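Let's take a walk through this protein, piece by piece. Keep the sequence and the 3D view open as you read.

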Amino acid sequence: MERITITIDEDLLATVDGVMNRRGYTSRSEAIRDLIRDGAARENILSQAGECVAVLDYVYDHETRALAQRLTHELHTHHDLSVATMHVHLDHDRCLETAILRGPAPALQKLSDVVSTQRGVSHASLHIIPTESHTHTHPHDHSTKA
Ligand code: NI
């Protein structure tokens, strides 16, 4: 392992400390390493050419004009990527949808961007899981503490 020095603003450091306390890390280094690994894993997945599956979650206001139709339209336009969608009527105004997608990571990211940037859509999150390659860039070795 190498020791590096980074400059970080107070707000971001407070966030790191919050993550540290919530998840029970014993050192900041450990918490920061895992946060970097998460980001790196995301980047690696996006650069991957192979087939992936993905879970796309989002909340939307079904009273926003034509939004439900627009979202359905997008998923139909990309029916080759869309496997299934679960719809939950969350409360009076809001719906939660979970879409299972399958395809190349960049195409899944693009579809996710189209959905998540619609006005009236919030809390969008995309989780991409590679299904072809098993190159593991996240060793999860928590035995070495700094
Ligand atoms: Ni609904």
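What follows is a short tour of the domains, two helices, the strands, the metal site and a few single residues.

## Model and domains

First things first: this is a predicted model. Its domain assignment splits the protein into domain 1, residues 10–46, and domain 2, residues 51–130. Take the centres of the two domains over their C-alpha atoms, and you get a separation of 27 Å.

## Helix H2

H2 runs over residues 28–46. At 1.5 Å a residue, its 19 residues should span 27 Å, and the end C-alpha atoms are indeed 27 Å apart, so the expected and actual spans agree. The buried residues here are Glu30, Ala31, Arg33, Asp34, Arg37 and Ile45. They cover an arc of only 160 degrees around the axis, which puts them on the same side of H2.

What do those buried residues of H2 pack against? Their partners are helix H1 (10–23), H4 and S4. Flip to the face turned away from the buried side and you'll find the exposed residues Ile36, Arg42 and Glu43.

Gly39 also sits in helix H2. Gly39 counts as partly exposed, because its relative accessibility is 32%. If you'd like a ruler for the view, try Gly39 and His78: they are 39 residues apart in sequence, and their C-alpha atoms are 27 Å apart in space.

## Helix H4

Now for H4, residues 105–116. This helix has 12 residues and reaches 16 Å from its first C-alpha to its last, close to the 16 Å expected at 1.5 Å a residue. Which of its residues are buried? In H4 they are Ala105, Leu108, Leu111, Ser112 and Val115. Seen down the axis of H4, they fall within an arc of 125 degrees, so they line one face of the helix. There's a simple rule of thumb behind patterns like this: an α-helix has 3.6 residues a turn, so residues three or four places apart point the same way.

The cover over the buried residues of H4 comes from several elements, including helix H2, strand S1 (51–61), helix H3 (67–77), strand S3 (94–104) and strand S4 (121–130). Ser112 is a nice one to click on. It belongs to helix H4 and counts as buried, with a relative accessibility of 5%. Leaving aside its neighbours within four places in sequence, Ser112 is in contact with Leu56 and Leu126.

## How the strands pair

Strand S3 pairs with S1 in the antiparallel sense over 11 bridges. For a landmark in that pairing, look for Val53, which stands opposite Arg102 in S3.

S3 also pairs with strand S2 (residues 82–89): 7 bridges join the two, and they run antiparallel. A hairpin of 4 residues links S2 to S3. Two spots help you follow the S2 and S3 register: Ala84 stands opposite Ile100 in S3, and the bridge partner of Val88 in S3 is Leu96.

## The nickel site

Which protein atoms are the donors of the nickel ion? They are His87 (NE2), His89 (ND1) and Cys95 (SG), lying 2.0 to 2.3 Å from the metal. Read along the sequence, the donor residues follow the spacing H-x1-H-x5-C.

Is Cys95 buried or exposed? Cys95 is buried, because its relative accessible area is 3%, and the cut-off for buried is under 20%. His87 counts as partly exposed, at 32% relative accessibility.

## Two positive phi angles

Two residues deserve a quick look at the backbone. Ala66 has a phi near 60 degrees, a positive value in a residue other than glycine. Where does Ala66 lie? You'll find Ala66 in the loop between S1 and H3, and it is partly exposed, with a relative accessible area of 33%.

The other one is His123, with phi near 55 degrees, again a positive value in a residue other than glycine. His123 has its place in strand S4. At 63% relative accessibility it counts as exposed, since exposed means over 50%.

Key:
Residues numbered from 1 in each chain as written. Predicted model: local features only at pLDDT ≥ 70, side-chain atom pairs only at ≥ 80, totals over all residues. Heavy atoms only, no water. Domains from an automatic or database assignment. Expected span 1.5 Å × (residues − 1). Buried < 20%, exposed > 50% of the residue type's maximum accessible area, 1.4 Å probe, protein only. Arc of directions from axis to C-beta. Contact = heavy atoms within 4.5 Å. Pairing = 2+ DSSP bridges. Donors = N, O, S within 2.8 Å, 3.2 Å for Na, K, Ca; no water.
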